[in-house]
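Biologist: I have the two chains open on my screen and would like to go through them slowly. Could you help me read what is there?

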Amino acid sequence: MSLDSTELHRRHVPEPELVPILDALTCIIFFLMYTTTFMELTSVILPPSSTSLVSKADPSKGIPVIPKLFIDIVDRTIVVKMKWSGKNPGSTTKKMDRTQPERYSKELQGVVETMVADFAAKFPDEKSLQVGVSERGTYQELISVMDGITKSVPDVVLLSPDDVKNMNEEDNGS
Amino acid sequence: MDLESLDNPRKYPLTLQLAPMIDIFFLIIVFLLKATIVADVSIVFPREMHPPMSRSKETLETFPEVVVTETELIVGIIHENLNLSEVDKLSEDRVNEIKGKVEQYVKSKDEKVRSQATHVNLITYRGNNYKNIFASVKFLRKIGFQSVAFIAEGEGQ
C-alpha cells in the first residue's frame, strides 16, 4: 500500500474529538473532588458481656466496689452522679446546664472525665463502670459521656433508664 | 514518513502533544483516587441520619451493621425489621427464631471471620433517645451478638 492511499483512507474515517472530552472530564474530576466531603468515622465499643464470681467467704477480696454513673436530666440541667459501694462507699454529684443535647458537649465530657479520673485514682483496680442515662438523654450525650469514661476506665456497661429513675427515688427517700 | 517535511520546519512547526498528556494525566488521577485509603471499612449512613461526634480513637471494624431509627431496629443481615416498642414483648419462640437466624448467619461465615460476625456496628442518629439505644443493645445481646460498637464521627472534620 502506498502512503498516499493510507492518507486518503484516514481522511474518510470519522474520529471523535477526544481532546476536549478528556479536558472537560479532567475539569469535572477536580470539581467533584473539591465538593466531596470525607467523613472520618470512629467507634465506641461496648465490650462483650461477662460474669465474674465473687466469693463471700474470701475476705481478702472484700466487698465489690461496683461503680455506677448516672446521667439524669432535670428540666434544662444535667445531673452527673457517681456512686460506688465497697469498704468505703461514696458518691459525687455535679450539675451543668443542658444547652444543645444533639451537639457534642465538651463540658459534659470534661465533667465526666474529671469525675471518673478521680475515682480511678482511688480505685485503680476497677476496670469497668456501669452507666445509666435518663430516658430523655440523647445518643450524642451517651457518646460524650463514654468518651469521658474510657480515658480512665476501659469497659462500660449500660444500665437501664429505669435504674436512673430508681436512683432518684432512692435518693429522695420515696 | 515524509522525509521532506523534516527539512521544512516552517511547514510543520513543533507542537506539544496535549492529547496523550491529558490522557495519561487522567489515568493517573483515577489511579490515585482508587488507591487512596480513606478508611479500611466503609459504612454508609442512611440519608438524613447524622452520626454523633466522638473523640474516640478506636478504628472501625468490619462487623455486621444494625440501624436504629426512631421506631425501628433494622438487622439487615438477617432481614429483620423490629418495632422498638415491641422488642421487649416478643414471645420466646420469636426470640429463638431470630437467635437461630443469627446463629445461621455466623455459621455461614468463613472460619477466619466467624468471630467478627458476633459483633455489630450500631448506626443511629445523634438525637435518638437513650431508651431506644438501651432497648436495642439489650435485644442485640439477647439474640446472640456479643459486643456492640457505636459508630460516631471522628474529630477530623
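Biologist: Which residue is the bridge partner of Leu41(A) in S5(B)?
Modeller: In this predicted model, Leu41(A) has Glu153(B) as its bridge partner in S5(B). That bridge belongs to a pairing between strand S1 of chain A, residues 41-46, and S5(B), and the two strands run in the antiparallel sense over six bridges.

Biologist: And how many residues does the contact take from chain B and from chain A?
Modeller: The contact takes 36 residues from chain A and 41 residues from chain B. On the side of chain B that touches chain A, the elements giving two or more residues are helix H2 (18-35), strand S4 (119-124), H4 and strand S5 (147-153). Sorted by class, that side of chain B has 21 nonpolar, twelve polar and eight charged residues.

Biologist: You mentioned H4, so which of its residues in chain B are buried?
Modeller: The buried residues of H4(B) include Tyr130(B), Asn132(B), Ile133(B), Phe134(B) and Ala135(B), and further along the helix Ser136(B), Val137(B), Phe139(B) and Leu140(B).

Biologist: Why does the distance between the end C-alpha atoms of helix H4 of chain B agree with the expected span?
Modeller: Helix H4 of chain B has 13 residues (130-142), which at 1.5 Å a residue should span 18 Å, and because its end C-alpha atoms are 18 Å apart, the two values agree. Just after H4(B), Gly144(B) takes a positive phi of about 115 degrees.

Biologist: Changing topic, is Val68(B) buried or exposed?
Modeller: Val68(B), which is found in strand S1 of chain B, residues 65-68, counts as buried because it has 23 C-beta neighbours inside 10 Å, and the cut-off for buried is 20 or more.

Biologist: What is Val68(B) in contact with, leaving aside its neighbours within four places in sequence?
Modeller: Val68(B) is in contact with Leu73(B), Leu122(B), Thr124(B) and Asn128(B), and also with Asn132(B), Ile133(B) and Ser136(B). Those last three, Asn132(B), Ile133(B) and Ser136(B), are among the buried residues of H4(B).

Biologist: Zooming out, how many helices and strands are there in chain B?
Modeller: Chain B has four helices and five strands, and along the sequence they follow the pattern α-α-β-β-β-α-β-α-β. Of the 157 residues in chain B, 27% are buried.

Biologist: Last one, what does the domain assignment of chain A give?
Modeller: The assignment for chain A gives domain 1 (3-35) and domain 2 (68-172), and the C-alpha centres of these two domains of chain A lie 64 Å apart.

Methods. Residues numbered from 1 in each chain as written. Chains lettered and ligands numbered in written order. Predicted model: local features only at pLDDT ≥ 70, side-chain atom pairs only at ≥ 80, totals over all residues. Expected span 1.5 Å × (residues − 1). Buried ≥ 20, exposed ≤ 12 C-beta atoms within 10 Å, placed from the backbone. Contact = placed C-beta atoms within 7 Å. Nonpolar A, V, L, I, M, F, W, Y, C, P; charged D, E, K, R; others polar. Pairing = 2+ DSSP bridges. Domains from an automatic or database assignment.
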